[in-house]
Amino acid sequence: NHFFAPSFLRSCARTCRAISPEEKTHRRKKESTRKQQEAMDKYRRVMKQRDPEERAKIAPNEVRVIATSQRQSRNYISYALNLFNSTETEHRNIVVRAMGRAIPKAVSIAEVLKRRVIGLHQITKLESNTLVDSFEPLVQGLDRKEITRTISSISITLSKDPLDTADPGYQAPIPESEVHTQEEERELRRKQRQDDGGAAEEGAPA
């Protein structure tokens with residue numbers, strides 16, 4: 001009789017076990033990703049300079065949300081509310097735009113704005129954009145690379161005036177009972193401060 005060590009038997013079982021097509025595909029993708037990462041470790045991405053003409057194309061009523069920006073959501077919200085309410089730059093509608101990882105933040109900002117301004121109609125559009133990234137080699141003898149990628153983008157139009165209800169991305173205004181304007185928010189905070197101050201005075205020792 002032959003004696004086989006448990007470790008040897010386990011190794012045979014792993015080797016002989018049938019691998020499903022899904023697992024084979026997963027392994028191939030994982031290996032391909034690893035090789036691509038190893039190859040790209042020899043390159044550095046070239047940061048693009050902002051085109052002044054591109055910045056000039058931004059409409060006065062447009063809010064561009066950027067994932068890498070240090071600006072927090074409340075800064076975008078304040079800017080958008082100013083576009084709606086300022087006597088100098090009052091707009092009947094604004095457009096919130098974002099790409100890639102910034103899309104969830106843009107959606108959240110739009111939802112907050114709908115709860116700060118009464119009667120906002122909404123149309124949401126999703127698109128795909130093609131971007132070209134340039135990479136320069138860190139190792140001598142390699143050529144410069146350009147990689148084309150597709151990235152999703154969103155544009156959310158919020159309007160005080162009625163929009164096309166037949167548009168697939170249309171959403172009607174939310175009920176006014178769910179809207180709390182800036183003035184209401186300020187009044188609520190003022191009352192809370194007064195209540196907190198009164199409670200502190202009552203609790204103070206005589």
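How many helices and strands does the secondary structure of the protein chain come to? In this predicted model, the tally is six helices and six strands. Reading from the N terminus, the order is α-α-β-α-β-α-β-α-β-β-β-α. The chain has 206 residues, and 22% of them count as buried. About 15500 Å² is exposed, with carbon and sulfur atoms supplying 51% of that area. As for contacts between residues at least 6 apart in sequence, 72% join residues at least 24 apart.

**The sheet around strand 4**

Strand 4 (121-137) is a good place to start looking. Its pairing with strand 5 (145-159) is antiparallel and runs over 15 bridges. In that pairing, His121 stands opposite Ser159 of strand 5. Strand 4 also pairs with strand 1 (residues 43-45), again in the antiparallel sense, over three bridges; here Arg44 sits opposite Glu136 of strand 4. Then there's strand 6 (residues 170-171), antiparallel to strand 4 over two bridges, with Gln122 standing opposite Gln171.

Ser134 is worth a click too. This serine belongs to strand 4 and is buried, at 11% relative accessible area. Setting aside neighbours within four places in sequence, Ser134 touches Arg44, Arg45 and Val46, plus Arg144, Lys145 and Glu146.

In the loop between strands 4 and 5 you'll find Leu142. Together with Leu138 and Val139, Leu142 makes a nonpolar surface patch of about 240 Å². Leu142 itself has 34% relative accessibility, so it counts as partly exposed.

**The core**

In soluble globular proteins, nonpolar side chains tend to be buried together. Here, the largest nonpolar core has 22 residues, and Val65, Ile94, Val96, Leu113 and Leu158 are the ones with the most contacts inside it. Two or more residues each come from strand 2 (62-65), helix 4 (73-85), strand 3 (93-99), helix 5 (103-114) and strand 5. Helix 4 gives the largest share, six residues.

To see how this fits together, zoom in on Leu113. Beyond its neighbours within four places in sequence, Leu113 is in contact with Ile77, Ala80, Leu81, Ile94, Val96, Leu120 and Leu158.

**Salt bridges**

Side chains of opposite charge can pair when their charged atoms come close. The count for this model is ten salt bridges, and the table has three of them.

| Pair | Closest N to O | Relative accessibility |
|---|---|---|
| Glu62 and Arg64 | 2.4 Å | Glu62 7%, Arg64 36% |
| Lys114 and Glu111 | 3.2 Å | Lys114 4%, Glu111 27% |
| Asp133 and Arg149 | 2.4 Å | Asp133 8%, Arg149 31% |

Which member of each pair is buried, and which is partly exposed? Glu62 is buried, while its partner Arg64 is partly exposed. Lys114 is buried, whereas Glu111 is partly exposed. Asp133 is buried as well, and Arg149 is partly exposed.

Where do these pairs sit along the chain? Lys114 and Glu111 are three residues apart in helix 5, so about one helical turn separates them. Asp133 is in strand 4 and Arg149 in strand 5, so this salt bridge ties together parts that are 16 residues apart in sequence. Arg45 joins in as well: salt bridges with shared partners link Arg45, Asp133 and Arg149 into one network.

Methods
Residues numbered from 1 in each chain as written. Predicted model: local features only at pLDDT ≥ 70, side-chain atom pairs only at ≥ 80, totals over all residues. Heavy atoms only, no water. Patch = residues over 30% accessible without salt bridge, like charges linked within 9 Å, V, L, I, M, F, W, Y side chains within 5 Å. Areas by Shrake-Rupley, 256 points an atom, 1.4 Å probe, with all protein chains shown as cover. Salt bridge = Lys/Arg side-chain N within 4 Å of Asp/Glu carboxyl O. Helix = DSSP H or I, 4+ residues; strand = E, 2+ residues; numbered from the N terminus. Buried < 20%, exposed > 50% of the residue type's maximum accessible area, 1.4 Å probe, protein only. Core = buried A, V, L, I, M, F, W, Y, C linked by side-chain atoms within 4.5 Å. Contact = heavy atoms within 4.5 Å. Pairing = 2+ DSSP bridges.
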